[in-house]
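Let's take a walk through this protein, starting with the overall picture and then heading inside. Keep the viewer open as you read.

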Amino acid sequence: YSLLSNTQNGSHIHFHVLHDQRLSPANITKTRQTFAGSEFSFYDVSADSFSSFLPHNRQHISRNTYYRLVMHEVLPAELKRLIYVDLDTIFCDDITLLWNMDLKGKILGGCMDEGGITHSRKLFGRNYNNSYINAGILVIDIAAAREKYGNLKFLYLESFVKNIKSTTLQDQDIINIACRDDIEILPLRWNVGSRLYSHNEQDVAYTERQQDEAATNPAIVHFTGEAKPWVGSCEHPLKELYFVYQARLQE
């Protein structure tokens, strides 16, 4: 709802929803009716066993995040470009601006993770880079990815197996390993994580000015970590945004 509220192009947006059996037919129908001006496609991928043997070492992160690694198989082959968005997000700007971002020949566009330099050092040691991204919001040239890498599932599996000891952030680590040379860094305001508003004990991924601009003018607020706005103990300064849009939707 927040995404559609901040764009004039809602009728041109096609939502591809990857889900498991917990999304009932009744709620699928309700979603279609609520957002009748936009197109929706639903894909039940609960039968895919791809993630069953991959690590689940962050209890607040669902195994469903591994759907990112099977999108190329589940979604229609004619799709050329897509934006992946986690559900713990609120849009504050027009998604069309994100859609039109120039990836400069890369297959992935994303914002550097709050502890990205630290995570990159963990994965790559002395060969670490400055482009470890948060996988919650991604712009993906899916056509180029298929053409360049062919069997993407094998690429992801190979990346995991070869780095099994250092992989701790689940599919986010796998994506950063597999695509490390194919990532275009986007402005931070398109994925403003929770630690931007609190003490960040890890390496700073963006300059102070970039962080200040993103914090005061976020395009997408991403409620990273365990403190989600619907959890009573959440102290995120922008948690009310969630309830504002929720109330508007229910009017």
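Before counting anything, a word on terms: helices (H or I, at least four residues) and strands (E, at least two) are DSSP runs, numbered from the N terminus. Keep in mind too that this is a predicted model. With that settled, the protein chain comes out at 10 helices and eight strands.

Now the overall dimensions. The C-alpha trace stretches over about 55 × 40 × 35 Å along its principal axes. The radius of gyration is 18 Å, and because a compact globule of 251 residues would have a value near 18 Å, the two agree. Contacts tell you about the chain's path: of those between residues at least 6 apart in sequence, 73% join residues at least 24 apart.

What about the outside? The chain exposes about 13100 Å², with carbon and sulfur atoms supplying 51% of that area. On the charge side, there are 25 positive and 30 negative side chains, and the centres of the two sets sit 4 Å apart.

Heading inwards, 48% of the 251 residues count as buried. The largest nonpolar core has 28 residues, and M71, L75, L108, L138 and I140 have the most contacts inside it. Five elements each supply at least two residues of this core: β3 (82–85), β6 (137–140), α6 (142–149), α7 (152–162) and α8 (170–178). Of these, α7 gives the most, with four residues. Zoom in on M71 and, leaving aside its neighbours within four places in sequence, you'll find it in contact with L18, L82, Y84 and I140. Apart from this core lies another, of 22 residues, including I83, M101, L188 and W190.

So which helix deserves a closer look? Try α8, where nine of its nine residues are buried. The run includes polar and charged names as well, among them Q170, D171, Q172, D173 and N176, alongside I174, I175, I177 and A178. What covers these buried residues? The cover includes β5 (108–110), α5 (116–124) and β7 (183–185), together with β6, α6 and α7.

Finally, step back to the loop between α7 and α8, where T168 is found. Is T168 buried, partly exposed or exposed? T168 counts as partly exposed because its relative accessible area is 25%, and buried would mean under 20%, exposed over 50%. For a sense of distance, pair T168 with M101: 67 residues separate them along the chain, and their C-alpha atoms are 30 Å apart.

Definitions and conventions. Residues are numbered from 1 along each chain as its sequence is written. This is a predicted model: local features need pLDDT of at least 70, side-chain atom pairs count only at pLDDT 80 or more; totals for chains, interfaces and linings use all residues. Side-chain values use heavy atoms; hydrogens and water are left out. The radius of gyration is taken over C-alpha atoms; the globule rule is 2.2 Å times the number of residues to the power 0.38. Buried means under 20% relative accessible area, exposed over 50%, partly exposed in between (1.4 Å probe, protein chains only). Contact means heavy atoms within 4.5 Å. Accessible areas come from the Shrake-Rupley method with a 1.4 Å probe; for residues, only the protein chains shown count as cover. Lys and Arg count as positive and Asp and Glu as negative; His and the chain ends are not counted. The place of a charge is taken as NZ of Lys, CZ of Arg, CG of Asp or CD of Glu. A nonpolar core is a set of buried Ala, Val, Leu, Ile, Met, Phe, Trp, Tyr and Cys residues joined through side-chain atoms within 4.5 Å.
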